[in-house]
Amino acid sequence: MTHQYAVEIILTRPATAREIHRARHRVALAANAERTRLMTVQSGKSPGRALQRLRRRLDTVLPIDVLTTHYPDRHGHVLLNVVLSRRADTRIRREAAELGRRPGDVLAERITACLTHSQRQRHHRLESQLQQLLTHHTPEEVLACAAGRLLQVRLPR
């Protein structure tokens, strides 16, 4: 049985108008304003097959970096389709063999670790900037300003 899967296409650089035009002749696409992220729906027997099929259809037309299922599966995971360089592929496979694990599992752990590290850095940067704000403003002023910004309301000056 074939299903439809929402797929996000992340590009290595903004696509040109011509690239988007050529890709739209192969699949229906929606692009963000910067033309670096695209969305489409792809049929397939599984999410992995849908991503592989889409990669085959668009790889020669667009500068694709990553394809990913847009919605998490029943385990809360999204599926990534990444083409690694030979060097990266060799490293991942070697490390997997040394650990007696599958290359996909090693890659997943590396990606997860990288995302966790990035989130920690972002949180630390936010905490640091907030601390700097609190040296010049009261907590109430900072909170009111943040709430106003989030609600898109201009506060009286």
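This note goes through two surface patches and one helix of a predicted model.

1. The positive patch. On the surface, a patch of positive charge is formed where Arg18, Arg22, Arg26, Arg53, Arg56 and Arg57 gather. Two helices, H1 (17-24) and H2 (47-58), each supply at least two residues of this positive patch, and the largest share, 3 residues, comes from H2.

2. One arginine of that patch. Arg53, which is one of the residues in the positive patch, is found in helix H2. Is Arg53 buried, exposed or partly exposed? Its relative accessibility is 35%, and Arg53 therefore counts as partly exposed, since that term covers values between the 20% limit for buried and the 50% limit for exposed.

3. The nonpolar patch. A second patch on the surface is nonpolar and is formed by Val78, Leu80, Val82 and Leu84, which together have about 280 Å² of accessible area. Among these residues, Val82 has its place in strand S5, which covers residues 80-82. With a relative accessibility of 34%, Val82 counts as partly exposed.

4. The span of helix H3. Helix H3 covers residues 86-99, and because its 14 residues are reckoned at 1.5 Å a residue, it should span 20 Å. The expected span is taken as 1.5 Å times one less than the number of residues. In the model, the end C-alpha atoms of H3 are 20 Å apart, which agrees with the expected value.

5. What follows helix H3. The residue that follows H3 is Gly100, and the phi of Gly100 is positive, near 70°.

Key: Residues numbered from 1 in each chain as written. Predicted model: local features only at pLDDT ≥ 70, side-chain atom pairs only at ≥ 80, totals over all residues. Heavy atoms only, no water. Helix = DSSP H or I, 4+ residues; strand = E, 2+ residues; numbered from the N terminus. Patch = residues over 30% accessible without salt bridge, like charges linked within 9 Å, V, L, I, M, F, W, Y side chains within 5 Å. Areas by Shrake-Rupley, 256 points an atom, 1.4 Å probe, with all protein chains shown as cover. Salt bridge = Lys/Arg side-chain N within 4 Å of Asp/Glu carboxyl O. Lys, Arg positive; Asp, Glu negative; His and termini not counted. Charge placed at Lys NZ, Arg CZ, Asp CG, Glu CD. Buried < 20%, exposed > 50% of the residue type's maximum accessible area, 1.4 Å probe, protein only.
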